[in-house]
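Dear colleague,

I am passing on the structure we spoke of, together with some notes on its salt bridges. Please read them alongside the coordinates.

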Amino acid sequence: MFVGCFLLLLLAAFQVDCMEEALQHSQENSHTPELKVSVLLDYTRGSRGQVNSRTMLLPLLQRFSSQMRVSLYHTPDLRGLLRLLVPQRFNETIGLQHIKVYLFDDSVIISGANLSDSYFTNRQDRYVLLENCREVADFFSDLVEAVGDVSLQLQPDNSASMLEGMVHPYKGNRQDFSAAARKRIMEVVNTAHMRQRLLNRFEDSEDEGMSDGEEDTWVFPLVQMKPLGIQMDEQVTQRLLTDAGTDSTVFLTSGYFNLTRAYMQLVLGDGPSYRILTASPEVNGFFGAKGVAGAIPAAYVHIARQFYNQVCRLGQQERVHLHEYHRQQWTFHAKGLWYYLQGQDRPCLTLIGSPNFGYRSVHRDLEAQIAIVTENEELQSQLQEEQEMLYQRSTEVSSSTFERSDRHVKLWVKLVTPLIKNFF
């Protein structure tokens, strides 16, 4: 069976055309297995406006209803009076489905990128392809189905309804929905753990009396869904930053630099050297936006300046370095981490996926990424090249950076930022 599980927030028109062509081909060719497509969207972002991902997929759902499933995850925190009062443009700030995984049979693309047009033209992000990696593919396929089961199901008439017996995310009881969703998703996690333990036991029995195997790379899926009581990614990231040796180096990047208090304390405490890359104002995704959203790049400048000032107050300038990404006519959306052991010029570990290391990623949204740990020198070199490609387009922040006219932050933005920083 070919299963295409796309976790996305926006769709490019040509992606819909490709899906339609593939579905049509599967119906016409009796010698190939029936194609199944599962799409998981965020309800708020996927339904915004008159033309959106939902309306783009509707003709396919109407035509291939037996082969296609479109699920719309709705956060349980957007409900009641809040759901009525928050404008459509901003309701996603309460929480959304933010995972970006693209699955085809036993191959998986993990990314922080959506499938909107800009990601194929002038928006910088990260991607990793795990080819013929059935264990990881099975995990994410099961995860898609589990989140889909606790989501609203798009119907051919453009209505959306829950599966029978499932608690409604914003009409039902908040605690009941979260408990049921957590149970369903943790079934996937626990089943994956059990599969891996059984596989390890089998391999150990096969290898008795033989030399060590040739495995040199390990992939660990990490999931963060705090509204549902799931926080594995947060725990692993904190443990990594806590245990990183003082003689090691961490390269960390986020398109929206807004570290949680816990991550901030770990970065500013005694630990490894940090090279942190974030978007300069002109490559921020909100640069030039209309209305209040147009002030968001300035808010990130204010947050970055506060962070840099704290680094200076603590005398950590030699250990913690902040960089800004620049690229004309591009936007910056890359996020992740590269970890280097003492004396090594190539990383042995990377985190790649959807989390931004900020409050929303940890507390509000559904996120997933993978940790890749490798001893493979070729893969380490590829990860090093990726890191260098991103950082070579950056400049290091200094005190003079924030004195420039294009870094001026209006007083009202400074006053409002502490009140809204947990929503972006």
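Is R239 buried or exposed? This is a predicted model, and in it R239 has a relative accessibility of 56%, which puts this residue in the exposed class. The side chain of R239 meets that of D243 in a salt bridge with an N to O distance of 2.4 Å, and D243, at 48% relative accessibility, counts as partly exposed. Both residues belong to helix α7 (residues 232-243), where they are 4 residues apart and hence separated by about one helical turn.

A second pair joins two helices. R195 and D142 form a salt bridge through their side chains, with 3.3 Å from N to O; because R195 lies in helix α6 (residues 174-206) and D142 in helix α5 (residues 134-149), this contact ties together parts of the chain that are 53 residues apart in sequence. R195 is partly exposed, with a relative accessibility of 42%, and D142 is likewise partly exposed, its relative accessible area being 27%.

The pair D365 and R360 has its closest N and O atoms 3.4 Å apart, again in a salt bridge, and here both D365 and R360 are buried. You may also wish to look at R69, E145, D149, R184 and E187, which are joined into one network by salt bridges that share partners.

As for the total, a search of the whole structure finds 19 salt bridges, among them the pairs R195 and D142, D243 and R239, and D365 and R360.

With best wishes

Note on methods
Residues numbered from 1 in each chain as written. Predicted model: local features only at pLDDT ≥ 70, side-chain atom pairs only at ≥ 80, totals over all residues. Heavy atoms only, no water. Salt bridge = Lys/Arg side-chain N within 4 Å of Asp/Glu carboxyl O. Buried < 20%, exposed > 50% of the residue type's maximum accessible area, 1.4 Å probe, protein only.
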